[in-house]
Number of protein chains: 4
Amino acid sequence: MSIATGIIGASGFAGGELARLLAGHPEFSLCYASVPGHSPDLVGKPLAAVHPHLRAGRAVEALPSKNGGSAGSLELVRTKTSEAARRCEVVFLATPPLVSAALGPALLAAGVEVVVDLSPAFRLRDPALHSKWYPAVSRPPERTAVYGLPELNRALLPGADLIAAPGCLATAAILALMPLSGLDGVRLSSITIDGKAGSTGSGHRLRSSGLHPVRSGVVAPYAPAGHRHVAEIQEALLGKGLATVGGGLRLGMSVFGVDLVRGVSVAAHVIVDPDSRLPSEGELASLYRDAYRDAAFVRVIHWREEAVPLPDPKTLTGSNYCDIAVFQDADCGRLVIVAALDNLMKGAAGQAIQACNIRYGLPETLGIDAFAVYPG
Amino acid sequence: MSIATGIIGASGFAGGELARLLAGHPEFSLCYASVPGHSPDLVGKPLAAVHPHLRAGRAVEALPSKNGGSAGSLELVRTKTSEAARRCEVVFLATPPLVSAALGPALLAAGVEVVVDLSPAFRLRDPALHSKWYPAVSRPPERTAVYGLPELNRALLPGADLIAAPGCLATAAILALMPLSGLDGVRLSSITIDGKAGSTGSGHRLRSSGLHPVRSGVVAPYAPAGHRHVAEIQEALLGKGLATVGGGLRLGMSVFGVDLVRGVSVAAHVIVDPDSRLPSEGELASLYRDAYRDAAFVRVIHWREEAVPLPDPKTLTGSNYCDIAVFQDADCGRLVIVAALDNLMKGAAGQAIQACNIRYGLPETLGIDAFAVYPG
Amino acid sequence: MSIATGIIGASGFAGGELARLLAGHPEFSLCYASVPGHSPDLVGKPLAAVHPHLRAGRAVEALPSKNGGSAGSLELVRTKTSEAARRCEVVFLATPPLVSAALGPALLAAGVEVVVDLSPAFRLRDPALHSKWYPAVSRPPERTAVYGLPELNRALLPGADLIAAPGCLATAAILALMPLSGLDGVRLSSITIDGKAGSTGSGHRLRSSGLHPVRSGVVAPYAPAGHRHVAEIQEALLGKGLATVGGGLRLGMSVFGVDLVRGVSVAAHVIVDPDSRLPSEGELASLYRDAYRDAAFVRVIHWREEAVPLPDPKTLTGSNYCDIAVFQDADCGRLVIVAALDNLMKGAAGQAIQACNIRYGLPETLGIDAFAVYPG
Amino acid sequence: MSIATGIIGASGFAGGELARLLAGHPEFSLCYASVPGHSPDLVGKPLAAVHPHLRAGRAVEALPSKNGGSAGSLELVRTKTSEAARRCEVVFLATPPLVSAALGPALLAAGVEVVVDLSPAFRLRDPALHSKWYPAVSRPPERTAVYGLPELNRALLPGADLIAAPGCLATAAILALMPLSGLDGVRLSSITIDGKAGSTGSGHRLRSSGLHPVRSGVVAPYAPAGHRHVAEIQEALLGKGLATVGGGLRLGMSVFGVDLVRGVSVAAHVIVDPDSRLPSEGELASLYRDAYRDAAFVRVIHWREEAVPLPDPKTLTGSNYCDIAVFQDADCGRLVIVAALDNLMKGAAGQAIQACNIRYGLPETLGIDAFAVYPG
C-alpha cells in the first residue's frame, strides 16, 4: 500500500513536522506540499528551503518511504483544490481555521478520500458553541468531523472522511481529565487548568511580541482566562460523562507562555467537594493505569520513583507520547493531574498521523514511534 | 549614619545579591562576609572570586557607599559569631534554616542589633505549624521574629530585632491574595496557587537534576503538592482575615521549575462559591489599586493595555517590584490573580533590605530603587 | 545643572536602554522621546507602553533625577526636528543610519548643542570607506563626528557637537586589540575576530528569522565574512598605529548569533609572524593592565584565578564594563584576546552616555556605574 | 543477524544516546548496560530510571529491534569484564579515558569481538603525542585502535577490533578542514578553530560551574587555548597531507561554552599566505562537494540560498549529519569553513554506531538515519 498524501500549509511549524514524519512513514507517501497564494516567494522552492532539517543528504535517501530521501526537495506549489484532489488521497490541512473551513469540504467534494484538519474549524460539534468561540469561522452546517483524539474516539475514526485534530492544550487537558469520570462516589467541585506552552504553538506570524528578545525568558500570561481550547475540552469531557457539582462542568483555563520552543504542560487542579470523599493517590494511579492500559501513546508516571520530576515536555521532544502523573493534596481537598506532550507531535502532526493510521487500519504507531531526543 | 553590616552565607545566590545591593547602599556599609566552615577553599578569597560581577573596577569605586568600590575585594572569612557581633550592627543570614535557627539567637545574644534571616527558620509564628513543616529545625521557643513582608507588617518592623524574610513564592502569593479579604459579600470556595520558578530558587547545592543539560528547558513539577511555603502563606492570610467557606483557608500550591535563572510567577486560581456573587474585573482592579496605593514596590497592571502580557518576571530582573494583575473568568466562577517578581530581589535580598530600611527609619526604597534591566 | 535631553527612536531596544539610564541620571534630564512617523500607533502613548520595565511605581518616584519616577509616563511624540531642538540641549539618536544621516546635521543646525548618534552613519571618518560600506547612506561631506569610544578619543570629546557611538562588536574588538600596538619587536601576521552576539543587536525589525522558535538555541553564522563593523575597527586601529605584516591591517571578522538576548563576546585570534618572537601571557597581561590602568570601564581579567571562565557577557548584564582576558597559544604562535560586554550598555546606550558625560565635564561614570545583575 | 551489544557507562549522556539508538537499531541488539562500581544507587534500576525518555510505553514496543520496547527496562548492572564478554559481541565504552584504557584491551582479551571506545584513550596513534596530552592515561603500547571517523578511515574499519570514536569538536574540525588538502597551488599560513559547544559535552560531573544558574546564558571561554582535541585534529589532518607553511600544521583552537544542551559549531579561520593565490568561494564549494559526494552524513550548504543562516546545530538535533559551509574573505586573505553537528550524534553515539555499521558490513546509515527534530 502506498497512499498519496499532501500537506496544505506546508511552510509553518505544523506543516514542517508533518513533512518530517511523512517523509519517513512507510505507507503515506508525501507527494504534494502547498503554500497560500500570498506567499509567492515560496512557490517553486523546495520544502527544505523553509525546513532546513529536511534537506537532502545521502543518509535520508535510505529512508523506508519511497519518498524519504527526496521529501526535502519536493517543490512547494500554490494551493489549488483541484490539483490537490487530483494528486492526493489524503490531505493534511495545516492552515488557519478560516482557510480550513473552506478547503476541507471543497477537497472532499473534489474527491479527496480523507482530510485531516489541524485547525479548530471543525473541532466543536455543537454549532452554537462553534459560533460562540469562532464567530468569524463559518462552516457548512451539514459537514461534521470526527474529533481526532484516538484515546477518545478510536471507534469513530475508521469511517471518517473529515478528521479534526485536537488542539495541543486540549489534548493534554482531555487526556489528563478523562479518566476522572470513572471515579466512584466522588463529587468534583471545580477544575482549573494551568497551561504552560512553548512558542511554536503561536505559529509563524510576525509580531513584535514573538521576537526572540521579547519572547525568550518569559512567564507570560497569554490567556489568563477564556482560552478557546476550553470549549473543545468541555465538549469532550461532557461526552465522557465528566461533571462537577450542578451537573455541568465548572472548568476554566489559564495559559502561560514559557521559554520553550516545543512543549506543553498542563496542571489540572481538581477541587473535590468538601462533603465528598477524597480519593487517595494510589486509587487515582490505578484508575489512570487502567484507563490507559491499551493506549499506545499515554504513559502514567510514578512521580516518586523518577530521578527527575516528570511529566516534563523536555523528555518528550520529537515523541508522540503524552505523559501523565496524578497527585493528591489532602490539605485542601485537591487532586492535581499533570500532563505533558510535544505540541508539534501529540499536540499536532503526530496525533494527526496517529488518527490517520487508525483511519486506514494501519498500526496506530506507524511512523510516529520514535523515542524522544533527550536531553536537547 | 553608616551602619556596619554583615552577610553570613555570602557565597550563595542570595548572599551575592545582598552584597551587590549593600555595595551600593548609602547607609548600610558592608564590612563582613562569611562562609561556612565546610567551605575552606573560599576562606581568604575576595567576594568577587565567587561573584564575578562584583569585581573591582574604576567605575564602581565611584559608588555612593563608602564601601562601594571595594565590596568585591572584601575578604571572605569563616563564620564566627563573636567576630560577626564585634564587627556588625546588622547581620543578614543567607544560610540554611538549621544554621539560621542557631545563629540568629546567638548573634543577638552577642550584641548584634538586628538580624535579618532569609531562611524559613523563623517565618512561622505558630510553633506547632513550624514543627509540622520543619521538624528538623528546632529553634528557641522564646525567640520570635517579625515576618518581614513590609506590605503586611510595616508597623511591626521598627522595633524588630529578628526579621524573618519571607519566601519568594510566599511573597508573590500573599501579595496576590491579601487584598481579597476586602471583598464584600463574596464567599470564596478554594484557592489554588500554580507557581513557576527559576533555578536560583533552588540554590547552589550540587545535584544531578540541577545541571544545565538536565535543568534547562524544563517545565518540571518540582512540588506538585505540599510545598512548604503554603504554611507561611496560610499564616499570613489568616492573620489578614482571609478565609474560604468553612472559615479556614482551603489553599493549595503546585510549583513548577521553568527555564529561568531569576524569577517567580504565581497564578492564584480563586474559586468563588457558586451561590455567591462573582466580582467583576473592574471591582477587583479597584480593590487592588486601593490596597497598594501606598505600596512602594507593588504595581497593579492593566493587562489589557500592555503591549506584552504582564505580569512577567522577565520585566522585573534586578528590580524590587512585585507586579500584579487581576482577571475574572465568568464561565467557571473563578478569579485569577497573577503576580510576578525577581526571586533574588523582592523574593529575597531586595525585600530583606526593604524591611531593614524600615527597621532603621530610612526611606523604604533606599538602595533598591533600580529599574529592571530589560530585555535581558 | 540639569541638561534637557531627548531620545529620537525611543521605541527600540537601544532607545529603551537610553531611557532607563537617563531616568536615573543626576544631570541629564529626559524630557523628549519620539518615534518615527510610520509608527502612528505609538504616538501619544507613554514610554512605558513599549518599555514595560519603566512603568511608574512609587519606588521609582524617589529616583535622583528630577524626571526619574515619571520617565515611564513621558509621552511618545512623532519626531520633529524643530520640536526636538526647542526642547533639548542634547539628543540621542537611536535611529537607522539613513535617518541619523539626515537628522544629526539638521538638529545641530536647529540649535541642539550635542547630538550622539548610535547608528553607523557618522562612524567612519574616511568618506571613501563610508561610501564603500554604506553606499546607501549619504551624509553631508563637511559634517564630521568624533568616534565616541572614550578609551580611544577621550581628548576629542569635550569639544564635540556630533558624537558617533561605536558599534557593539567594534567596541569589544577595538578594546581587545588596541593595546597590541604597544608590543615591542613583535610582528603580527593576521587578526581574525570571531564574534558571538545576542538577539537585541538585530533590533526590533520583524522578520521570520528573528522569531523565538527560529532564533532561540542557534549558533548561526549571520556574517561569516564581511561584517560592516570591520571598517570602523580598522580605522580605529590604524589610527593607533596597529599594523600587521605589510603595513596595513590584515583583519577579518566572522559573527555568530547565539542564544543570548543581551551580550557580545569577541575572540581576537592574532597570528604572530613565525619569524618574530611570541610574547608571553605575562607580558601581554602587563601590557593590557597598563593600557587600561585609568580606564573606568575596562577590566583586565586574570582568567586562571576565576571560579568561572571569564570574560563572559553573562556577568555583565546591565553594567557598562568591558572585560578582557589575554591568552597565548605557543603551539601555533597565536595570541587570543577575549572581550565581552553588554551590547546595550558599553555596546550602545551606556557608552553613549559615558561619552556625553565626558563631553560635559561630568564624572565619566555618572548614571552608568551599576554592578551587573548576576546571575540572570 | 542480531548482534548482542552492550554499553558500559550507560548512565551518562553519551550512554543514554547510545541506548536510544540501539533500542531502535535493526541489527545491534542491546542486551547489557552497566554503570561503574561507585554508582551503587543505580545498580538494579532500569535504564529508564536515568534516561526518562526511554521509559516503556506501548508505542515503543512496536520498534523494529527485538529489544526496542524493552530497552528502557533493561536492568543496569555493575560493570564486570567477564559478564560483559559473556553477554556481548560488541561493547560501546562511554567511560572516562582512564577506565577505557583498561577496559578496552581487557574486553577484547576476554573475547568481545569489537570494542568502540568513545573516550580519548585510544584516539592518538603516536604514543609520544598521547603521553603529552594524556599523561595520566597509560595504555598498552601494543594495542592500537582505528580512529573511527568513517569519512577518513572507512577502509580500515571492516577489520577493526578496537575503534576509537573521535571527539565532537575534532569531528567537526576534521570534516571542515580535510578537503583543503585538495587545494592546488594554495599555501596556507595558519588555521584557527573557534569552537562553540553545548553543555552535554561536559558530561554529568557535578560541579558548581555546571549548575543551571551559572551555566545558562554564557559565552564562556572554557578552553581559550590548548584544547586536547587539537592533537587528534592534527594527527588526522597531517595524515591527509594537509600542511601550512613550513610543512607542519600551524593550528590552534579556542572553545567557548554557549547556551546549548546539544550541539557543536566550529569556525575554521584559515589564513592564506599573502603571496599565494586565494581560492574563490565557488572553487571551494566545488572542492567540498566533490570531497563529500559519497559521504552519507556530510552535507555542504549553499549558505546564500538558505532562509536561515546555516550550518547551525539547532537544525541538527537528533540527526547524524555534519553540515559544512565555506566562505572567502578577500579583504584579509582568509577562508572560513563553518561546520556544525549534534555532539551526542555525529559527535559521539551516532558516529560510533556509524563506524560499527561499517565494521559489520551493514548499511552505513542503519539506525541513525532520522531527520533532525526542528525547531526544538
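Two residues are in contact here if their C-beta atoms, placed from the backbone, lie within 7 Å. Keep in mind that this is a predicted model.

**Exercise 1.** Work out how many residues chain C and chain D each bring to their contact, and which parts of chain C take part.

*Solution.* Start with the count: chain C gives 48 residues and chain D gives 48 residues. Next, look for the elements of chain C that each supply at least two residues to this side; among them are strand E8 (188-197), helix H7 (212-215) and strand E14 (334-341). Finally, sort the side of chain C that touches chain D by class: you get 25 nonpolar, 14 polar and 9 charged residues.

**Exercise 2.** Find the rotation that lays chain C on chain D, and say what kind of axis relates them.

*Solution.* Turn chain C by 180 degrees, with 0.0 Å of shift along the axis, and it superposes on chain D with an RMSD of 0.0 Å. That's how a two-fold axis relates two copies. Both copies use the same surface, as 100% of the contact residues of chain C turn up again in chain D. To spot the axis from chain C, go to C:Asp259, whose C-alpha comes closest at 3.1 Å.

**Exercise 3.** Explain why strand E2 (residues 28-35) of chain D is largely enclosed, then find its partners.

*Solution.* Check burial: 7 of the 8 residues of E2(D) are buried, so the rest of the structure largely encloses this strand. Now the pairing. Strand E1 (residues 3-8) of chain D runs parallel to E2(D), joined by 6 bridges; D:Ile7 has D:Ala33 as its bridge partner. E2(D) also runs parallel to strand E3 (residues 77-78) of chain D, with 2 bridges, and here D:Val35 sits opposite D:Arg78. Last, add helix H1 (residues 13-23) of chain D: with E1(D) and E2(D) this helix makes a right-handed β-α-β unit.

Definitions and conventions. Residues are numbered from 1 along each chain as its sequence is written. Chains are lettered from A and ligands numbered from 1 in the order in which they are written. This is a predicted model: local features need pLDDT of at least 70, side-chain atom pairs count only at pLDDT 80 or more; totals for chains, interfaces and linings use all residues. Copies are superposed by least squares on the C-alpha atoms of residues with pLDDT of at least 70 in both. Helices (H or I, at least four residues) and strands (E, at least two) are DSSP runs, numbered from the N terminus. Ala, Val, Leu, Ile, Met, Phe, Trp, Tyr, Cys and Pro count as nonpolar, Asp, Glu, Lys and Arg as charged, and the others, Gly among them, as polar. A residue is buried if 20 or more other C-beta atoms lie within 10 Å of its own, exposed if 12 or fewer, and partly exposed in between; C-beta atoms are placed from the backbone. Two strands pair if DSSP finds at least two bridges between them. A crossover is right-handed if, with the strands pointing away from the viewer, the path from the first strand over the helix to the second runs clockwise.
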